[in-house]
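Got your viewer open? Load the model and follow along, one selection at a time.

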Amino acid sequence: MSEIRVRFAPSPTGQVHIGNIRAAIFNWLYARHVGGKFLLRVEDIDLERSTPEAIKALLDVMQWLRLDYDEPEVYQTHNVARHLACAEALLASGHAYKAEKATKDGKTGEVVIFRMPKEGILSYDDLVKGHMEKKAADTQDFVIVRSDGSPVFHLANVVDDLDQGITHVIRGDDHVENTFKHLALFRALGAEPPRYGHLPMIVNAQGKPYSKRDGAAFVGEFRDQGYLPDALFNYLLLLGWNPGDDREVLTRDEMVDLFTLEACHSSPAKFDIKKLTWMNGEYIRRAPAAEFEAELRRRVAAAGLTIPEGFDVPFLVQQLQVRTKFWGDIPGNCAYFFTDDYEFDQKAVEKRLSGPEVPALLEDLANRFEALEPWTAAAGEEMVKQLSQGNGMGPWVHPIRVAVSGRMEGPGLFEMLQLLGREKTVARLRRAARR
RNA sequence: GCCCCCUUCGUCUAUCGGCUAGGACAUCAGGUUCUCAUCCUGGUAAGAGCGGUUCGAUUCCGCUAGGGGGUGCCA
C-alpha cells in the first residue's frame, strides 16, 4: 500500500484565518494518525495579492501551532510551466478547447476551457460527507488558462496535487462543488484522483461564515491576545470533531491517536470565544509550574520590572497560576510586587480607602506588622483574626489589600503580604494612611 | 433562478432503533472564603415541522421549512 500524503495549500494573501488553519490542523492530525506525510504548498500564483509578508505570517503560524511538515514547502509559482504544459496536453487530447470569452469588465480574449462531461452522473465518496453526486448536465465547462496565459486555480491546484502525489485532499466545505471539476481534470490528465474530504465551515452566531467582523478571526490575533497555541489547536479541533467520549482537553499525542476523518462532522460549527477562553485558562492551569514561572519571568522582564533578590517566585506562581486566564494578564496582575509605582484602581480607593477611620486603622496595622513575628502568611492572618474577634476580617483585609496592591482582587491577602515582605508592606500602609 | 449540502440544550457535542436524551462551555443557585480566581454541589435548558417504516423512532425514509455552499478569465 502506498504512502498517504496530504497537504495544506493556503493562498498567502493576508493573515491566516482560523477556518483555514483548522483545515491545516485536520490534515496534520490525519497524516500523523495514519503515519503519512503532511505537506505545505503555498498557492501564491494569485496575482498581486500574494505578499512576502503573508508568506512569513503563514510560516510563523505553522510553527507557532507546531504544525510541522515533512518536505520543504512548495511554491505554486514555481510550477507554472507544468500547469501550462498540462493545459497543452488537455488541448491535444481534446479535453480542452480554446475560445473567445469576455471578462466581466468587457474585454475579450482567447482562453483555454476545460470540457466537463455532458452526460450521466458524476459522483464521489467524500471522506466526511459521504456519497456525493451531481448530474453532469448541471456542471459547466470552465476556464483553465486566462487570456493573459496564466493558469487558473483549478488547473494549478490539480496539477500540483498530482505532482506532489497527494492521496487525500482535506479542505473546506466551500470546495465541494469544485471537487467535480477537479476529479474530471485528474481523469482527463490520465491520473488517478486523490480521495476528497470536506470540512464544514466555522460560522458566527448568525450562522454566516466567521469573519473579521465577528471578532478575532486570524491566528495572529489570538496569539497577540495571549491565547496558547495548544489551547487554540485543541479548541479548533473540537469544532467538528470529538474523540467519541467526554474528553475535551487532549494532549497532542491523544489527538493523533484518536483522530479519524469518519468522526468529523458535516455540519457547520459556531465559534464560541467563551469556550476557547475557558480552555485557555485550563491550559494555563495545567501547565507545569516551571513553564508558568518562565513565562512570568519573561513577561515581568519585558515590562521593565525586576524581581528582587530572594523573592519567592515559586510561591507567587502558586498564587497566580490559578488566576491567570491569558499570558497577557502578566505582569499586570502582579506588577505591584516589583514596583512601588503601581496603579491604584480608583473604584477600589473610593470603596476601601476613603473612610475617615482608614488612616488610623492603617497606621495601627503598620505598627503591628512592623512587630509581627514571624513574617508569614499564617502569622499575619492570625493577627488580623485576633483583631476581628471572629466577626469577619473584611474591615481589615480590604483596606490593606488596596493599600499594598492598588486593586481589589488578587492572591490571598496574607500570602500577598508574605511575598511582598515586611518592609514594603509597612511602608505602603503608612503611605496610604497619609495620602 | 438552478445545483449540492446541513438541522439534538444559548454554544460545541454524545446517542450508531429501546431515552428517565448524557457531557462540556455559558448561565443561575448554594458551599468554601479576606477579594478575585480555582475547587465542590445542585438547577434551568434540546431532538425544526409533518407524514411514513417499525412492537418501538432523536436514530431509517419522504416532504416542507430554515440555514449554508456553489453557480468567475477569485482562490
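Two strands pair here if DSSP finds at least two bridges between them. Helices (H or I, at least four residues) and strands (E, at least two) are DSSP runs, numbered from the N terminus. You're looking at a predicted model, where local features need pLDDT of at least 70, side-chain atom pairs count only at pLDDT 80 or more, and totals for chains, interfaces and linings use all residues. Residues are numbered from 1 along each chain as its sequence is written, while chains are lettered from A and ligands numbered from 1 in the order in which they are written.

Start by selecting residues 5-8 and 37-42: strands E1 and E2 run parallel, joined by 4 bridges. Zoom in on Arg7, and you'll find Leu39 of E2 opposite. Now add 18-34, helix H1, which the chain passes through on its way from E1 to E2 in a right-handed β-α-β crossover (with the strands pointing away from you, the path from the first strand over the helix to the second runs clockwise).

Next, grab RNA strand B and its surroundings (a residue is near if its C-beta atom, placed from the backbone, lies within 6 Å). Which residues come nearest to RNA strand B? Of the 60 around the strand, they are Phe153, Glu177, Ser267, Glu409 and Gly412. Helices H5 (176-188) and H15 (394-405) are among the elements that each supply at least two residues of this surface.

Stay on H15 and show H17 (422-433): on the H15 side of their contact sit Ile400, Ala403 and Val404, and on the H17 side Thr425, Arg428, Leu429 and Ala432 (contact: C-beta atoms, placed from the backbone, within 7 Å).

Notes. Contact = placed C-beta atoms within 7 Å.
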